[in-house]
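Biologist: I would like a close look at one part of this model. Please take me through it step by step.

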Amino acid sequence: MTTYYTRQSLWLLFLICAFPLHLWTIVFGLMDMSWTTTRTNLWDAIGVVSYGLVFAFLESLVIWLAAGLLGFLLPRRWDANRRAAMMGFLVLIAAFWSAAGSLYFLLGKPFPALALTFLVQSGHPLKVLFALSGALVLLTFALPLYLALRSENFCRRVQEALKSLALLSSVYIALDAVGLFIILLRNL
């Protein structure tokens, strides 16, 4: 009988799913603290960050559930740790693309003129843009899966890196508990 996941591998996958969401929440929460404290006070700013952390925890649960279910599509011969590590790695890739897209618009950078010229001259700019960006995104997902299928060494390195990240993510989960306590304290 194939064991798809163990308790330990599911916990590792959850911590990896929680990492990018919490990192994003903490960075933007700290950036927003200055204007929130100016507008109201420090206690309100801490409350805003606390709400963000609790919401990030709930988002992490949803992503963890989706990643865990998608992990059943990976080869049956993979052990639970390898399956969790690869799904965690794919979640981090998806988070990278999501953050890159958001940062592009948040920073207000214009689209490069050379790329715009190329797209306009193609005759079908939207189709070319979707095809090129889709190919790039697909490659960033397909390449790690291919390497995982072919190389035990690659999988071992990914697992080691994700375990280090999971340690940091466990600190974020502890901050979620503090955030929940602050929310309860503010609302009681």
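Biologist: Is the crossing of α3 and α5 left-handed or right-handed?

Modeller: This is a predicted model. In it, α3 and α5 make a right-handed crossing. Helix α3 covers residues 80-107, and helix α5 covers residues 125-150. Their axes come within 11 Å. The crossing angle is roughly 165°. Angles over 145 degrees count as roughly antiparallel, and therefore α3 and α5 are roughly antiparallel to each other.

Now the residues in that contact. From α3 come Arg-82, Met-86, Phe-89, Leu-90, Ile-93, Ala-94 and Trp-97. From α5 come Leu-136, Val-137, Thr-140, Phe-141, Pro-144, Leu-145, Ala-148 and Leu-149. By class, the contact has 13 nonpolar residues, one polar and one charged.

Helix α3 also takes part in the largest nonpolar core. That core has 18 residues. The members that touch the most others are Leu-15, Ile-16, Leu-92, Leu-162, Ala-166 and Ile-173. Besides α3, the elements giving two or more residues are α1 (7-39), α2 (42-70) and α6 (152-187). The most come from α1, with eight residues.

Take Leu-162 by itself. Leaving aside residues up to four places away in sequence, Leu-162 touches Leu-12, Ile-16, Ala-85, Gly-88, Phe-89 and Leu-92. Phe-89 is thus named twice: it touches Leu-162, and it belongs to the α3 side of the contact with α5.

Another core lies apart from the largest one. It has 14 residues, among them Trp-78, Ala-84, Val-91 and Ile-93. Ile-93 is also one of the α3 residues in the contact with α5.

Definitions and conventions
Residues numbered from 1 in each chain as written. Predicted model: local features only at pLDDT ≥ 70, side-chain atom pairs only at ≥ 80, totals over all residues. Heavy atoms only, no water. Axes fitted to C-alpha atoms, helices over the stretch in contact; angles between N-to-C directions. Helix = DSSP H or I, 4+ residues; strand = E, 2+ residues; numbered from the N terminus. Parallel < 35°, antiparallel > 145°, perpendicular 65-115°, else oblique. Left-handed = near helix turned anticlockwise from the far one by under 90°. Contact = heavy atoms within 4.5 Å. Nonpolar A, V, L, I, M, F, W, Y, C, P; charged D, E, K, R; others polar. Core = buried A, V, L, I, M, F, W, Y, C linked by side-chain atoms within 4.5 Å. Buried < 20%, exposed > 50% of the residue type's maximum accessible area, 1.4 Å probe, protein only.
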